[in-house]
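Could you take a look at the chain below and work through a few exercises with me? Each one comes with a worked solution, so feel free to try it on your own before reading on.

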Amino acid sequence: MSILRKFLPDPPQNNEIKITRASLELMYNISRELAAALDLRTVLNRVLFLSMKNVGASSGSIIVLDSSGQPIESALAIGERIQEQTTQQLRATFERGLAGWVFRHNQAVLIPDTSRDERWLRRPDDEVDRTGPKSAVSAPISARDQLIGVMTLVHSKPGTFTQEHLALVQAIADQAGVAVLNARLYAESQRQARVMTALAESAATITATLKLDDVLLRILEQISQALRVAVVSLALLDPSGKELVFRASTGPKSQDIIGLRIPIGQGVAGWVAREGRGIIVPDTSKDTRFYPGVDQLLGYETRAIACAPIRSRGQIIGVLEALNPLEGSFDPDALLVLTGIGSLAGTAIRHAQLFERLQAAHQRYRELFEDSIDSILITDWEGHILEANRQAALLIGVHTDKLLQMTIDHLNFVDKNTVGPRYANLSMGETLSYEATLQTHSGTQVPVQVYAREVNIEGVPHLQWILRDISERKNLDNMRNDLLSMIYHDLRSPLANVVSSLDVLETLMAEDADPTKKSLLNIAIRSTERIQRLTNNLLDMRRMEADQPISNQAEATPAQIVAEAIEAVSIMAENKNQAVVNRVPLEMPEVWVDVDMIRRVIINLLENAIKYTPAESEICLGAEAQEDSVTIWVQDRGPGIPPEDRERIFEKFIRLHPEEGPKGLGLGLAFCRLAIEKHGGKIWVESPEEGGSCFKFTLPIASKTDENRTTSS
Ligand code: ADP
């Protein structure tokens with residue numbers, strides 16, 4: 001009622017009472033009409049018609065604004081007709097015309113003659129001789145101290161409206177305010193609900209698959225449906241992060257666009273990828289960001305674009321583009337929906353990519369597993385075989401299905417000493433390796449090198465057994481051993497004959513014999529000594545490998561053994577102009593050794609040193625006593641031994657560069673290790689700072705009791 005006071009002078013006259021009654025009825029009708037509607041458009045249309053009718057206006061408009069003062073909805077009636085799609089049209093009026101003035105000043109205005117008022121935005125139709133508005137009333141619509149819109153009523157004749165009309169329009173506007181506000185809030189909540197529903201539906205559909213191509217397709221479908229557009233495309237950033245690559249598209253030219261590259265920053269898509277926020281370009285011809293190159297390429301015409309980034313874990317990984325809305329222009333929510341789907345798409349694409357990568361890795365692992373030339377078994381901690389590759393089935397001679405019903409105990413290759421009871425030693429995470437004999441299905445025995453370790457499969461600890469078939473290596477070793485024993489047996493007795501014959505010859509040869517003959521005899525003697533040393537080494541190796549003890553140990557002076565060894569190789573060293581420097585102290589504790597064997601060890605090391613040291617260089621021998629052992633070393637100026645080979649050169653038949661360098665059998669160091677270890681010592685190689693190799697070994701110091709004890713083994 002207080003509203004009416006504004007235009008009801010006090011005390012009321014007769015005709016004023018009529019106005020009051022008519023106004024009261026009007027207000028009552030308005031509030032009743034408005035209370036029944038929640039839809040913003042209906043509310044606006046009703047308010048507009050009621051107002052026009054009551055002030056006798058020929059046309060009218062209402063513009064509704066959001067909280068930032070931007071027009072979001074409107075109603076425009078010309079005569080009896082309601083115009084559609086007017087918000088955009090009224091924007092100019094609002095920005096530059098009367099409605100804008102009313103809004104900014106929050107004040108109702110009466111314009112008796114539009115041609116004389118600056119606040120009126122003149123249009124061609126407003127000319128005196130045309131039918132456009134000549135008089136106008138405009139009032140702000142507010143509710144709860146908030147300005148939410150402007151209502152403007154016009155007439156084609158000047159001076160149509162009075163102050164009373166203005167007061168009435170203001171009263172209606174005030175009355176309508178709450179209804180408009182409610183309807184606006186309702187529309188907002190409806191809008192949000194629509195957006196949320198669209199996003200929820202999209203989320204459910206997009207995440208229902210993990211196949212990347214499917215995910216992309218579903219993203220496009222969801223956008224097409226939600227935004228009602230002619231074409232949707234999706235581009236992902238390439239790994240360099242400098243280009244977008246189109247990965248999927250709908251529409252007639254979809255195949256042509258796939259694979260197309262756009263640099264970051266170019267076109268609307270490139271702009272969105274760079275700026276990291278979505279945009280709507282309602283008219284591409286008016287936006288400089290639009291790049292027509294793609295249209296030209298595809299023979300397509302893009303009128304309007306909505307584009308939003310695709311994000312995954314805060315990073316932009318691509319963009320979504322929706323082109324040409326089917327219903328003319330984009331809905332105000334289009335960007336909200338597109339941006340929402342962009343976030344969903346990011347997660348879905350990432351999951352699908354990870355899943356594809358996982359599958360590819362799994363496939364690779366499967367192929368490696370299946371194609372491995374080694375047999376691989378996966379068991380649980382009870383030894384049940386859970387997986388077996390092709391090679392395992394082949395080696396064991398059982399079909400994989402049958403293998404999966406067996407335990408590894410059936411195969412006899414588990415070395416309890418190495419892996420411990422119930423495989424306990426494997427729980428440390430280390431790979432344990434040992435040689436074993438596999439029992440195949442047909443009963444044959446296959447020598448294998450076993451590599452066992454714990455592996456984690458899907459969070460559950462399992463055991464992995466790799467079985468390398470070493471039959472060939474074993475056969476080769478056996479052949480070599482057979483060959484060696486054959487050589488040794490067949491050489492031994494003729495060699496003994498040669499040695500004794502040479503001895504006899506030496507004693508028979510007169511003091512003053514021909515020096516050439518003497519020298520030749522000398523060469524023959526030394527060469528035979530070498531062959532004898534070699535055969536003795538082989539004999540000793542066989543004995544020691546068969547765990548036989550060293551039989552003839554005695555006290556000996558290190559300096560003496562070293563001197564004899566140097567003497568044996570002196571001609572070899574002289575031939576290469578090498579100096580063999582003996583730094584072994586004369587005064588040293590005696591060692592308890594098989595002198596002949598240890599002399600051969602030192603000769604072996606010296607021969608290697610001479611072989612691998614360049615001519616005219618120096619080889620040095622030294623020794624040092626510890627509490628109960630003596631360390632002797634042979635140091636050369638050769639190429640040295642790489643750290644990774646320092647252990648394995650002591651194995652039988654190991655030669656580092658068999659194709660180049662001096663020839664050999666790869667047995668010398670193996671003999672040395674066997675001999676030294678049988679004496680209770682150690683042998684190893686170091687690389688001195690000055691280069692070359694330094695082979696060192698220890699020998700036990702002779703004690704009083706040694707003479708009586710049997711040799712340690
Ligand atoms: P062989 O000398 O008959 O080949 P060895 O068992 O004596 O066999 O030595 C094994 C391998 O170790 C050799 O082939 C060589 O590659 C390497 N080696 C041994 N001694 C030396 C050394 N002093 N300097 C460099 N390499 C050596």
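The exercises below concern a predicted model, and they go from helix packing to cores and then to single loop residues.

**Exercise 1. Work out how helix 3 and helix 6 are oriented relative to each other, and which residues join them.**

Solution.
- Step 1: Start with the geometry. The axes of helix 3 (residues 40-55) and helix 6 (residues 163-206) come within 9 Å, with a crossing angle of roughly 175 degrees.
- Step 2: Angles over 145 degrees count as roughly antiparallel. Helix 3 and helix 6 are therefore roughly antiparallel.
- Step 3: Now list the contact. Helix 3 contributes L40, V43, L44, V47, S51, N54 and V55. Helix 6 contributes H165, L168, V169, I172, A176, A179, V180, A183, R184 and A187.
- Step 4: Sort by class. The contact of helix 3 with helix 6 holds 13 nonpolar, 3 polar and 1 charged residues.

**Exercise 2. Describe the span of helix 11, its buried residues and its contact with helix 7.**

Solution.
- Step 1: Helix 11 (residues 334-371) has 38 residues, and the distance from its first C-alpha to its last is 53 Å. That is close to the 56 Å expected at 1.5 Å a residue.
- Step 2: The buried residues of helix 11 are A334, V337, L338, G340, I341, G342, A345, G346, A348, I349, A352 and F369.
- Step 3: The axes of helix 7 (residues 212-227) and helix 11 come within 9 Å and cross at roughly 170 degrees. Helix 7 and helix 11 are therefore roughly antiparallel.
- Step 4: On the helix 7 side, the contact uses L212, V215, L216, I219, Q222, I223, A226 and L227. Their partners in helix 11 are A334, V337, L338, I341, A345, A348, I349, A352, Q353 and E356.
- Step 5: By class, the contact of helix 7 with helix 11 has 15 nonpolar, 2 polar and 1 charged residues.

**Exercise 3. Find the largest nonpolar core and say which helix supplies the largest share of it.**

Solution.
- Step 1: A general tendency sets the scene: in soluble globular proteins, nonpolar side chains tend to be buried together.
- Step 2: In this model, the largest nonpolar core has 49 residues, and V601, I602, L606 and F697 have the most contacts inside it.
- Step 3: Helix 18 (residues 595-612) gives the largest share of this core, with 9 residues.
- Step 4: Zoom in on V601. Beyond its neighbours within four places in sequence, V601 is in contact with F671, C672, A675, I676 and F697.
- Step 5: A second, separate core has 39 residues, among them L34, V137, M151 and I172.

**Exercise 4. Describe helix 16 and say what covers its buried residues.**

Solution.
- Step 1: Helix 16 has 31 residues and reaches 44 Å from its first C-alpha to its last, close to the 45 Å expected at 1.5 Å a residue.
- Step 2: Its buried residues are L521, I525, T528, R533, T535, N537, L538, L539, D540, M541 and M544.
- Step 3: The cover over the buried residues of helix 16 includes helix 15 (471-508), helix 17 (558-575), helix 18 and helix 19 (668-678).

**Exercise 5. Are the loop residues T302 and S372 buried or exposed, and what do they touch?**

Solution.
- Step 1: T302 lies in the loop between helix 10 (293-298) and strand 11 (305-312). Its relative accessible area is 5%, so T302 is buried.
- Step 2: Not counting residues up to four places away in sequence, T302 touches T284, F290, D295, L323 and N324.
- Step 3: S372 is in the loop between helix 11 and strand 13 (375-379). S372 has 18% relative accessibility and therefore counts as buried, since the cut-off is under 20%.
- Step 4: With the same sequence neighbours left out, S372 touches E367, N389 and Q391.
- Step 5: For a sense of scale, the C-alpha atoms of S372 and V47 are separated by 82 Å.

**Exercise 6. Which sign of phi do D145 and D547 have, and where are they placed?**

Solution.
- Step 1: Most residues other than glycine have a negative phi.
- Step 2: D145, which is not a glycine, has a positive phi of about 60 degrees. D145 sits in the loop between strand 5 (135-143) and strand 6 (146-155), and is exposed at 87% relative accessible area.
- Step 3: D547, also not a glycine, has a positive phi of about 65 degrees. D547 is in the loop between helix 16 (515-545) and strand 18 (554-556), and is exposed at 59%.

Conventions: Residues numbered from 1 in each chain as written. Predicted model: local features only at pLDDT ≥ 70, side-chain atom pairs only at ≥ 80, totals over all residues. Heavy atoms only, no water. Axes fitted to C-alpha atoms, helices over the stretch in contact; angles between N-to-C directions. Helix = DSSP H or I, 4+ residues; strand = E, 2+ residues; numbered from the N terminus. Parallel < 35°, antiparallel > 145°, perpendicular 65-115°, else oblique. Contact = heavy atoms within 4.5 Å. Nonpolar A, V, L, I, M, F, W, Y, C, P; charged D, E, K, R; others polar. Expected span 1.5 Å × (residues − 1). Buried < 20%, exposed > 50% of the residue type's maximum accessible area, 1.4 Å probe, protein only. Core = buried A, V, L, I, M, F, W, Y, C linked by side-chain atoms within 4.5 Å.
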